[in-house]
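This report describes the ligand site and the internal spaces of one protein model. The sequence and structure are shown first, and the account of the ligand follows.

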Amino acid sequence: MGAKAYSEKETTEEWSSKIAFVLAAVGSAVGLGNLWRFPYVAGENGGGAFVVFYVICVVLIGLPVLVAELFIGRRGRLSSANSVLRIADAEGRSSLWAWQSYLGMIGSFIILTFYSVIAGWIMAFIAMIGSDLVQGIAIDGFGALMNGVFADQTRDDISAKLGALLSDPKRMIIYHGIFIALSVFIVAQGVTGGIEKAVVWLMPAFFVLLLALVVFALYSGDRARGLDFLFGFRLQDQISPNGDITTRGLFTGLKDGSIIGAALGQAFFSLSLGSAVLSTYGSHMSREQDLPESSGAIAIVDTSVGILAGIAIFPIVFQMGLAPAGGPTLMFSTLLLAFQGMPAGAVFGLFFFLLALVAAVTSAISLLETATAWFEEKRPGRQRGWVAVMLGLIIFVIGIANALSQLPTETDVFFNTWRPWGIIPLFQTGDGSAMELLSFLSALTDIILPVAGLITAIFAGWIVSTAVSREEIGFASEAWYQRWRFLIRWVCPVGIVTVIVYGVVIAPFLLS
Ligand code: TRP
């Protein structure tokens, strides 16, 4: 046998408590996917019927893969790829299995290049709302706290803010840079010295803000319509009472298959699966910690946050007679219009964007940590801080291209017109034109992560010996272990392959 391809110096650094680990993992999982994607996808695809379907996907496919990633990290006690190499080596198996982690690292690296651009937009809006609020207080005194957001501006002014930001490269790049610098700063301090210190403050703050927004929405929003949009159990397509939105029933999604991509794709993205994050975090988990219980806690909290975000958003959107939109428009335009009309809308609008920023920071540090931990092991002489800074610089530069790709095409900058991937149907928008760089990278990671998850499921279920997985996971009973094993060997691979085939072949070619 030749030299080992991985370092044998295992990590001895452990999270200082069980809750610190859970908060870090929840911090990674809870992100923009929960805040703006889940509520909208659920409302659009059958409401309560979708929520039920989604929960089934999380339990049958998300959770088993989550357990697998965590036990691989805890067993290997190294960064994600090296943990896999070490386990594969001990089992006498191929080092190619480490591709689950290489793909995951590539995927999380790409995600961070655009996640931080979007986080930059959030910071820009916090600055705008914050300064507007401060000005209001300077003029009207503290009574201004009861104002709506941008109280003296017209609706058109407000709707124009996102467009104005997206045609201002300097502003986008500066905020993107600040966000990356912040993430690098936290990761450079190490797992317990940086990441853990950040999450134990940020996550409780996140939950306080979220609950405040939920109470506000239930108290002053249109509860009935908001909750019906999110939870109304719609199996058939429906036209809403005033005829302005058509929502698809669950059956429609089942018939054309779109529901599978929507629910399982969302479950994967939302739980941060397939991105080497959970095995990296899992490598610092104590052997004393109950792994299945922690996995359940992560999945429950992540799903609840998506649902609570919907309860915080839709009642106020409907209260103002607006129609729910998807993607950036929901957050950066529709919600602002809703917060304008609400008493104390400026304060709660500010809360909402702070909430989103916290969610983005705790996800970004996990994305940066995966590659940082790996490079740190590759070059033992290197300082973690140095690795984090170098990675941050590369991400900053690629992120600039992502920011520029959002400029209006008339401005004619290389990155907003260069779209060679547009010949592939998968990377075209609804009207057949090429996606811009940011959407292309996002669509690309929507494929990379499930493929990495598929390799993980096969590795954990078929390659790792039962003695190792049984011992490392430590289920309360053999019956639970057998249930997990059945899911990871059969249900997960079949489910993930279905999503990939649907997303890569059926949706772009057959449905377009
Ligand atoms: N889970 C995050 C969200 O819901 C996004 C995400 C996907 C992610 N994969 C990740 C975050 C890996 C951190 C690590 O927004």
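## Polar contacts of the ligand

A polar contact is taken here as a pair of N or O atoms within 3.5 Å. In this predicted model, a nitrogen atom of the ligand is placed 3.2 Å from an N or O atom in the side chain of serine 272. A nitrogen atom of the ligand also lies 3.2 Å from a polar backbone atom of serine 270. An oxygen atom of the ligand is found 3.1 Å from an N or O atom in the side chain of asparagine 34.

The ligand, taken alone, exposes 350 Å², and the protein buries 100% of that area.

## The shell around the ligand

The ligand is surrounded by 17 residues, and those that come nearest are Ala29, Leu32, Gly33, Tyr115 and Phe269. Classified by side chain, this shell comprises eight nonpolar and nine polar residues, with no charged residue.

Five helices each contribute at least two residues to the shell: helix 1 (18–29), helix 2 (32–44), helix 5 (99–140), helix 11 (258–270) and helix 15 (345–378).

## The largest cavity

Two cavities of 30 Å³ or more are present in the structure. Which cavity does the ligand take up? The space taken by the ligand is the largest cavity. The volume of the largest cavity is about 160 Å³. Its lining consists of 18 residues, with Ser28, Ile111, Phe269, Ser272 and Leu367 closest to the centre.

Helix 1, helix 2, helix 5, helix 11 and helix 15 are the elements that give two or more residues to the lining of the largest cavity. The lining divides into nine nonpolar and nine polar residues, and no charged residue is included.

## The second largest cavity

The second largest cavity holds about 70 Å³ of space. Its lining is formed by Glu69, Ile72, Ser80, Val84, Gln100, Ser101, Gly274, Ala276, Ser279 and Thr456. Helix 3 (48–76), helix 4 (80–90) and helix 5 each give two or more residues to this lining.

By class, the lining of the second largest cavity has three nonpolar residues, six polar residues and one charged residue. Helix 5 therefore enters the account twice, as the elements giving two or more residues include helix 5 both for the largest cavity and for the second largest cavity, where helices are counted as DSSP runs.

## The second largest pocket

Among the pockets, the second largest has a volume of about 380 Å³. Which residues lie nearest its centre? Of the 19 residues in the lining, Lys9, Thr11, Ala373, Glu376 and Glu377 hold that position.

Helix 15 gives the most to the lining of this pocket, supplying four residues. Helix 15 also supplies at least two residues of the shell around the ligand. The pocket lining comprises four nonpolar, seven polar and eight charged residues, whereas the shell around the ligand has no charged residues.

Terms used:
Residues are numbered from 1 along each chain as its sequence is written. This is a predicted model: local features need pLDDT of at least 70, side-chain atom pairs count only at pLDDT 80 or more; totals for chains, interfaces and linings use all residues. Side-chain values use heavy atoms; hydrogens and water are left out. A residue is near a molecule or strand if one of its heavy atoms lies within 4 Å of it. A polar contact is a pair of N or O atoms within 3.5 Å; within protein, one must be able to donate a hydrogen and the other to accept it, and residues adjacent in sequence count only if both atoms are side-chain atoms. Accessible areas come from the Shrake-Rupley method with a 1.4 Å probe; for residues, only the protein chains shown count as cover. On a 1 Å grid over the protein atoms alone, a cavity is a set of points where a 1.4 Å probe fits but cannot get out, and a pocket is an open set with protein on both sides within 12 Å along at least five of seven lines; lining residues have an atom within 4 Å of a point. A molecule sits in a cavity or pocket if more than half of its atoms lie within 2 Å of its grid points. Ala, Val, Leu, Ile, Met, Phe, Trp, Tyr, Cys and Pro count as nonpolar, Asp, Glu, Lys and Arg as charged, and the others, Gly among them, as polar. Grid points are joined across faces, edges and corners, and a volume is the space filled by probe spheres set on the points.
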